[in-house]
Amino acid sequence: MSKPIVLYSHATGPNPWKVAIVLEELKIPYTSKFIDFADLKKPPFEKVNINGRVPAIEDPNTGITLSESGAIIEYLQETYDKNNTLNYTSSPEKYLVKQWLHFQMSGQGPYFGQAVWFTKFHSEMIKSAQDRYLNEIKRVLSVLDRHLEGKQYLVGDKATIADLAFVTWDTMIGRIFGERGNEINIEKDYPNYYAWDQRITARPAVKKIIADRQAAMASAKH
Ligand SMILES: N[C@@H](CCC(=O)N[C@@H](CS)C(=O)NCC(=O)O)C(=O)O
């Protein structure tokens with residue numbers, strides 16, 4: 001079997017855990033190196049990812065160093081998922097998987113991330129900015145919910161890297177809304193999305209990573 005891949009990660013940030021899910025799904029050996037946010041935007045980590053963000057991987061089997069979670073999970077799937085359990089070789093399915101993965105990377109991650117920023121970290125609490133990004137979360141959920149009407153998965157009849165990519169931001173929605181939790185009722189307002197999320201998070205590999213992330217968050221607090 002292959003040598004373990006090094007995954008540069010962080011206890012709370014969702015993007016490295018997206019990669020961990022795919023590593024776990026494909027049973028690829030890996031070790032996690034947790035980097036403090038304070039150490040990301042300076043050497044030595046900047047040598048691994050010049051953008052100073054996690055995730056990044058180093059794969060000793062191929063010699064590649066790679067950042068950007070979407071690119072990493074495509075790499076892992078193409079390199080290690082020889083039977084295409086998490087993707088398709090047929091068209092249009094393989095392009096639709098890319099479509100949804102790009103939507104996750106550009107339409108879900110950054111908007112949910114800004115919602116976190118403006119509700120938890122910004123120096124001023126600006127209601128209009130919070131509204132903008134909380135409304136975007138609802139809009140993204142509505143897009144997914146409408147697409148998933150009558151479907152089990154985003155593309156075709158199986159879970160792919162696209163479905164798996166959404167999980168680690170989705171599990172944060174409750175915390176992001178926080179005190180404004182009464183403004184969203186996922187099960188009632190987005191039932192197709194809700195059923196899909198339940199389906200994906202029931203997968204053993206996904207469950208394991210959700211538990212690993214909770215454990216990492218708990219120990220980071222101590
Ligand atoms: N587009 C990047 C985003 C990576 C990202 O924003 N990572 C967060 C953790 S989830 C991070 O490193 N934040 C630290 C910072 O911005 O300084 C990806 O998907 O890999």
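The following exercises, with worked solutions, concern a predicted model of a protein with a bound ligand.

**Exercise 1. The surroundings of the ligand**

Task: Determine which residues come nearest to the ligand, and how the residues around the ligand divide by class.

Solution.
Step 1. Begin with the shell of 13 residues around the ligand; Lys41, Arg53, Val54, Glu68 and Ser69 come nearest.
Step 2. Sort the shell by class: 7 residues are nonpolar, 3 are polar and 3 are charged.
Step 3. Ask which element supplies the largest share of the shell. Helix 1, formed by residues 14-25, supplies that share with 3 residues.
Step 4. Locate the ligand with respect to the pockets of the protein: the ligand sits in the largest pocket.

**Exercise 2. Polar contacts with the ligand**

Task: Identify the atoms through which Val54, Glu68 and Ser69 approach the ligand, using a limit of 3.5 Å between N or O atoms for a polar contact.

Solution.
Step 1. For Val54, examine the backbone: one of its N or O atoms lies 2.7 Å from a nitrogen atom of the ligand.
Step 2. For Glu68, examine the side chain, where a polar atom lies 2.8 Å from a nitrogen atom of the ligand.
Step 3. For Ser69, a polar side-chain atom is found 2.6 Å from an oxygen atom of the ligand.
Step 4. Consider how much of the ligand is covered: on its own, the ligand has 510 Å² of accessible area, and the protein covers 80% of it.

**Exercise 3. Backbone geometry**

Task: Describe the peptide bonds that precede Pro55 and Pro92, and the phi angle of Lys27.

Solution.
Step 1. Recall the general background: most peptide bonds are trans, and most residues other than glycine have a negative phi.
Step 2. The bond from Val54 to Pro55 is cis, with omega near 15°. Pro55 belongs to the loop between helix 2 (45-48) and strand 3 (56-59).
Step 3. The bond from Ser91 to Pro92 is also cis, with omega near 10°. Pro92 is placed in the loop that joins helix 3 (69-80) and helix 4 (93-121).
Step 4. Lys27 has a positive phi, near 55°, and is found in the loop between helix 1 and strand 2 (30-34).

**Exercise 4. The two annotated domains**

Task: State the helix and strand content of residues 3-84 and of residues 90-219.

Solution.
Step 1. An unreviewed UniProt entry lists residues 3-84 as "domain: GST N-terminal". This span is 34% helix and 22% strand, and its end C-alpha atoms lie 21 Å apart.
Step 2. The unreviewed UniProt entry places "domain: GST C-terminal" at residues 90-219. Here the chain is 74% helix and 0% strand, with end C-alpha atoms 44 Å apart.

Conventions
Residues numbered from 1 in each chain as written. Predicted model: local features only at pLDDT ≥ 70, side-chain atom pairs only at ≥ 80, totals over all residues. Heavy atoms only, no water. Near = heavy atom within 4 Å. Polar contact = N/O pair within 3.5 Å; in protein donor to acceptor, adjacent residues only side chain to side chain. Areas by Shrake-Rupley, 256 points an atom, 1.4 Å probe, with all protein chains shown as cover. Helix = DSSP H or I, 4+ residues; strand = E, 2+ residues; numbered from the N terminus. Nonpolar A, V, L, I, M, F, W, Y, C, P; charged D, E, K, R; others polar. UniProt positions renumbered as here; feature names shortened; annotations may be inferred.
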